[in-house]
Amino acid sequence: MKVAHNFNAGPCVLPKSAIQAAIDALHDFKGTGMSVIELSHRSKEWEATMEECRALWKEILNIPEGYKVLFLGGGASMQFLYVAMNLLENKAGYLETGVWAKKAFAEAKAIGNAVKIASSSDKNFSYIPKGYEIPEDLDYFHITTNNTIYGTEIHQDMNSPVNLVADMSSDIMSRPVDVSKYALIYGGAQKNVGPAGVTFVIVREDILGKVSRYLPTMLDYRTHIKEDSMFNTPPVFSIFIMTETLKWLKNLGGLNAMYKINKEKAALLYSEIERNKMFVGTAAVEDRSIMNICFVMSEEYKDKEDAFMAFAKERGMVGIKGHRSVGGFRASTYNACPVESVKALVSCMQEFEKLNG
Ligand SMILES: *Cc1c(COP(=O)(O)O)cnc(C)c1O
């Protein structure tokens, strides 16, 4: 079987064990004689999987009492709207660290009074703003912990005087997180915890029910809390694969073990980018992401970009083209990306330098 070195930014590489479990469950789910996508979502077999998935989230992330874990549709992009509808009464603050943060901010502005607290747009979002104050009169402060396109990341769980809301689409489960510092965490599954089609939401229940606007049933978090994410048919296949992905993560040793591996992978690649005269990183060193590693050809070798892309492709590298707003290259080294793939990319860069540098 052909195996690529998959550095796609999302959807992206998933654990082989989760893929195999999905293949098996497509044929026969838990000995029911039916496929996981054929049986009723109200069956006891399915309800057990939902419960297992919720329990894995709580255990792996060490989610405290008072929080609910939801599995919804619509992607992280739908959460941009949900958050504002459910939480914005007087004023919300947004940290602008990239395109996804801007999209979240735009939805909030359409719903009510939302203000930009700080931005890194002056340097094409290549760093995380610092030294700003979070006003105490905000209903919530919204951050994007990992900026998938620019390869920057907020590495510390921050202290916020107001409810902290985080889009963690691309670094959820990559490191231990102190959930108690957040009022709400959300993201699309397709970057670290599963395939596309399911969106996770971790919400502290006491922040809900405080807005005066009418909330349509489907856009009210309380609907989904009350029905354990089964108000309507959940995305069963995506949730199944997410469950298997979390089982893999738990068996590997959970978030402490995962974080160590992720830091090792990122260090391998960043040190090669620093060492290799043909490449240069684009993100501020102290803010660079351990999930999305962005780099370009250095000035002197700008004309070699296409050549390196072809060279890497020949050696099995997939998905290393940078986002069009940054250019160059981006290697996404999500949880399931094996260290061997990172080593293969590093070798590829070394070989290319030998031949062309
Ligand atoms: C990919 C991504 C999104 C968009 O996710 P969808 O599920 O496709 O809507 C939002 N925020 C961040 C940080 C992302 O990386």
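Lys and Arg count here as positive and Asp and Glu as negative, with His and the chain ends left uncounted. The place of each charge is taken as NZ of Lys, CZ of Arg, CG of Asp or CD of Glu. On that basis the protein carries 40 positive and 42 negative side chains, and the centres of the two sets lie 2 Å apart.

A word on where the values come from. The model is predicted, so to speak of local features a pLDDT of at least 70 is needed, side-chain atom pairs count only at pLDDT 80 or more, and totals for chains, interfaces and linings use all residues. Residues are numbered from 1 along each chain as its sequence is written, and side-chain values use heavy atoms, with hydrogens and water left out.

## Overall picture

The protein has nine helices and 14 strands; these are DSSP runs numbered from the N terminus, with helices being H or I of at least four residues and strands being E of at least two. Its radius of gyration is 21 Å, close to the 21 Å that the globule rule gives for 357 residues, so the protein is as compact as a globular protein of that length. That radius is taken over C-alpha atoms, and the rule is 2.2 Å times the number of residues to the power 0.38. Along the principal axes, the C-alpha atoms fill a box of roughly 60 × 55 × 30 Å.

Of the 357 residues, 55% are buried (under 20% relative accessible area; exposed is over 50% and partly exposed in between, with a 1.4 Å probe and protein chains only). The protein exposes about 15,300 Å², and carbon and sulfur atoms supply 51% of it; the areas come from the Shrake-Rupley method with a 1.4 Å probe. Among contacts with a separation of 6 or more, 66% join residues 24 or more positions apart, where contact means heavy atoms within 4.5 Å.

## Aromatic rings

A pair of aromatic rings is described by the distance of the centres and the angle of the planes. Rings of Phe, Tyr and Trp (its six-membered ring) pair if their centres lie within 6.5 Å; planes under 30 degrees apart are stacked, over 60 edge-to-face and the rest tilted. The count comes to 16 aromatic pairs by this rule. In one of them, the ring centres of Tyr 82 and Tyr 221 are 5.1 Å apart with the planes at 35°, so the pair is tilted. This pair links distant parts of the chain, with Tyr 82 in helix H3 (residues 75-87) and Tyr 221 in helix H5 (residues 221-226), 139 residues apart. Both Tyr 82 and Tyr 221 are buried.

Tyr 94 and Phe 105 form another tilted pair, at 5.4 Å centre to centre and 35° between the planes. Here Tyr 94 sits in strand E3 (residues 92-96) and Phe 105 in helix H4 (residues 99-111), eleven residues apart. Tyr 94 is buried at 1% relative accessible area, and Phe 105 is buried too, at 7%. Elsewhere, Phe 279, Phe 295, Phe 308, Phe 311, Phe 329 and Phe 352 make up one aromatic cluster.

## Backbone points to check by eye

Most residues other than glycine have a negative phi, and most peptide bonds are trans. Three places in loops depart from that pattern:

| Place | Backbone value | Loop |
|---|---|---|
| Gly 10 and Pro 11 | cis peptide bond, omega about -5° | Pro 11: between strand E1 (5-6) and helix H1 (16-27) |
| Phe 125 | phi near 55° | between strand E4 (114-119) and strand E5 (140-144) |
| Ser 229 | phi near 60° | between H5 and helix H6 (236-251) |

Phe 125 is buried, with a relative accessible area of 6%, and Ser 229 is buried at 3%.

## Two residues up close

Leu 184 lies in strand E9 (residues 184-188) and is buried at 0% relative accessibility. Beyond its neighbours within four places in sequence, Leu 184 has contacts including Val 83, Leu 87, Val 201, Ile 202 and Tyr 221. Its C-alpha atom is 7.9 Å from that of Asn 163, 21 residues away along the chain.

Lys 58, in helix H2 (residues 44-61), is partly exposed at 36% relative accessibility. Leaving aside neighbours within four places in sequence, Lys 58 is in contact with Ile 63 and Val 69. The C-alpha atoms of Lys 58 and Ile 202 are separated by 9.5 Å, with their positions 144 residues apart along the chain.
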